[in-house]
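Let's take a tour of the hollow spots in a protein and of the place where its ligand sits. Keep the 3D view open and click along as you read.

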Amino acid sequence: MKESVLLKQENLHLLSDKIVVPTYDRSKGKAGIIHIGVGGFHRSHEAYYTDALMNETGVLDWGICGVGLREADRKMRDILSDQDFLYALIVKHPDGKVETRVIGSIIDFMLSVEDPIAVIDRMAHEDTKIVSLTITEGGYNFNPATGEFNFDNPDVQHDLANPGNPTLVFGFLTASLKKRRAAGLPPFTVQSCDNVQHNGDMTKKMLLAFAGKQDPELAEWIKANVSFPNAMVDRITPCTTPTDIELLRSDFGVRGAWPVTCEPFCQWVIEDNFSNGRPEWETVGAQFVPDVTPYEKMKIRLLNAGHSVLGLLGSIHGHETIDGAVSDPLFAEYLRAFMDLEATPVLDAVEGIDLEAYKDSLIYRFGNPNIKDSLARICLESSAKLPKFLISTIHENLAAGGSIDYATLVIAAWCLYSDKGLSRHGVEFDIVDAMKDELHQAAMGTEDDVLSFLRLEPIFGDLANNERFSALYSEMVEALYEDPDIARLMEKILAGN
Ligand code: CS2
């Protein structure tokens with residue numbers, strides 16, 4: 001077998017010419033962007049767009065310095081730093097075609113747990129024009145039912161008491177913006193890349209709540225001077241598996257310890273609102289629009305909610321991946337009916353977008369047999385996702401007198417999932433959720449009080465008191481607890497009960 005090449009800057013010229021590699025001079029790159037939360041998604045999306053831009057135009061001011069705020073980020077930092085911050089992006093097409101490119105836009109990486117001051121200083125450096133975030137839905141630290149900043153979080157308490165030694169993103173943003181202001185530097189733009197509706201507005205609201213407690217005058221300055229563009233981000237990026245690492249070696253001759261795989265589709269719709277300049281990402285396919293609202297709502301309520309529908313129902317049924325679930329005709333029909341009958345009626349029209357075609361494209365993307373997107377990944381942190389992805393649709397349909405059956409079954413399945421933690425065949429789930437214990441406790445009460453799970457107010461708000469919803473939910477939960485054969489209930493809903 002041909003020898004494989006270690007992924008390093010000095011070895012790039014040895015790589016097969018079927019691999020796209022950075023053509024720009026990385027050693028001259030400046031970190032115009034600090035990115036907090038370098039996981040799979042950042043590496044398949046923002047870092048990919050930025051690399052494509054650097055390759056296309058040769059601009060060097062928009063390199064990315066990754067920042068990890070958690071001890072768990074050490075592995076990524078160590079691996080990337082051993083590879084001169086290079087990694088392979090493996091794009092898997094539905095027809096089996098695989099394209100690989102080496103991404104070079106990340107040029108540095110810092111761990112705040114090692115040196116928080118150095119991170120604050122880097123963010124406060126004049127080269128930094130944008131601080132972008134992929135901190136997951138849960139990282140915004142809001143109470144999902146009220147939408148307000150959660151001051152009860154012990155890490156928030158710590159950060160308020162220790163402004164020079166923060167742990168959470170809001171502490172770092174506040175400390176570095178304070179430094180910039182004192183130095184007379186313009187603020188950076190804070191750019192969220194998470195699946196949160198109005199992600200920029202949400203970041204602003206949370207940061208102002210935190211900074212306002214710490215330094216009200218600074219909060220006023222932030223409010224007046226920092227921009228927080230809203231954006232819709234999209235690219236399905238499953239978790240990297242050992243098979244991906246092996247594929248990179250066997251089919252492309254590259255030894256890279258943590259490649260990223262993703263689908264070919266990629267979308268980024270951004271409001272053009274940057275306080276300190278921005279890369280021309282439109283050159284490489286991003287769209288800049290005056291108002292991103294209709295795009296983000298459409299994506300969250302169809303794509304992300306669709307994932308959750310398949311994720312929870314599919315897990316109970318015993319499916320393991322999104323493509324596995326969507327190739328089951330019952331699940332495909334159920335998903336489409338959920339989209340058509342419950343999600344679409346409460347969406348706003350999106351100029352230039354044919355919603356029917358958008359939904360068709362989602363089902364096509366979900367069916368990509370080479371993207372083995374695990375249902376376990378989809379069900380991660382459901383407590384932060386479902387209020388935005390699915391429960392908002394239920395609330396809006398309740399207000400409008402629309403259908404709620406399809407989504408309600410997902411909530412009932414979530415209760416069973418959190419309570420028993422088992423598929424209908426008895427396979428145990430590995431549940432990862434910041435609210436895992438609360439979810440389990442509440443779900444466990446179901447046999448004594450059928451609405452116990454719904455009483456988790458931060459997630460469900462007052463849904464337990466809604467007669468229409470609670471009656472339907474009770475019926476479904478009782479049926480599921482009696483017999484976890486979820487397919488039977490899905491068929492019943494599809495048949496119009
Ligand atoms: C998924 C998303 O986490 C989830 O539940 O729905 O990660 C989804 O794959 C991305 O938003 C696609 O852009």
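Start with the second largest pocket: α14 gives the most to its lining, with three residues. Keep in mind that this is a predicted model. From the pocket we'll move on to the ligand, and then to the cavities.

**The second largest pocket**

- This pocket holds about 290 Å³ of space.
- Its lining is made up of 16 residues, and H319, E320, A376, V427 and F429 are the ones nearest the centre.
- Sorted by class, those lining residues come out as six nonpolar, seven polar and three charged.

**Who sits around the ligand**

- Which residues are around the ligand? You'll find N195, D234, R235, I236, K299, L303, N304, H307, R377, I378, K385 and F389 there.
- Split that shell by class and you get four nonpolar, three polar and five charged residues.
- Both domains pitch in: domain 1 (5–289) and domain 2 (293–496) each supply at least three residues of the shell.

**Polar contacts with the ligand**

- D234 has a polar side-chain atom 2.6 Å from an oxygen atom of the ligand.
- R377 also reaches a ligand oxygen, with a polar side-chain atom 2.8 Å away.
- For N304, an N or O atom in the side chain is 2.9 Å from an oxygen atom of the ligand.
- How much of the ligand does the protein cover? On its own the ligand has 340 Å² of accessible area, and the protein covers 93% of that.
- As for elements, α10, α14 (375–379) and α15 (382–400) are the ones that give two or more residues to the shell around the ligand.
- Out of these, α10 has the largest share of the shell, with four residues.

**The largest cavity**

- The structure has two cavities of 30 Å³ or more, and the largest has a volume of about 50 Å³.
- To find the largest cavity, look for its lining residues: D194, N195, V196, A231, M232, V233, E296, K299 and I300.
- β9 (231–234) and α10 (293–317) are the elements that give two or more residues to this lining.
- Five nonpolar, one polar and three charged residues make up the lining by class.
- Which domains does the lining of the largest cavity draw on? At least three residues come from each of domain 1 (5–289) and domain 2 (293–496).
- Two names should ring a bell: N195 and K299 line the largest cavity, and N195 and K299 are also listed around the ligand.

**The second largest cavity**

- About 40 Å³ of space lies in this cavity.
- Its lining consists of I236, H307, I322, R365, F366, N368, I371 and D373.
- By class, that gives four nonpolar, two polar and two charged residues.
- Here, too, some names come back: I236 and H307 line the second largest cavity, and I236 and H307 also belong to the residues around the ligand.

Note on methods:
Residues are numbered from 1 along each chain as its sequence is written. This is a predicted model: local features need pLDDT of at least 70, side-chain atom pairs count only at pLDDT 80 or more; totals for chains, interfaces and linings use all residues. Side-chain values use heavy atoms; hydrogens and water are left out. On a 1 Å grid over the protein atoms alone, a cavity is a set of points where a 1.4 Å probe fits but cannot get out, and a pocket is an open set with protein on both sides within 12 Å along at least five of seven lines; lining residues have an atom within 4 Å of a point. Grid points are joined across faces, edges and corners, and a volume is the space filled by probe spheres set on the points. Ala, Val, Leu, Ile, Met, Phe, Trp, Tyr, Cys and Pro count as nonpolar, Asp, Glu, Lys and Arg as charged, and the others, Gly among them, as polar. Domain bounds come from an automatic or database domain assignment. A residue is near a molecule or strand if one of its heavy atoms lies within 4 Å of it. A polar contact is a pair of N or O atoms within 3.5 Å; within protein, one must be able to donate a hydrogen and the other to accept it, and residues adjacent in sequence count only if both atoms are side-chain atoms. Accessible areas come from the Shrake-Rupley method with a 1.4 Å probe; for residues, only the protein chains shown count as cover.
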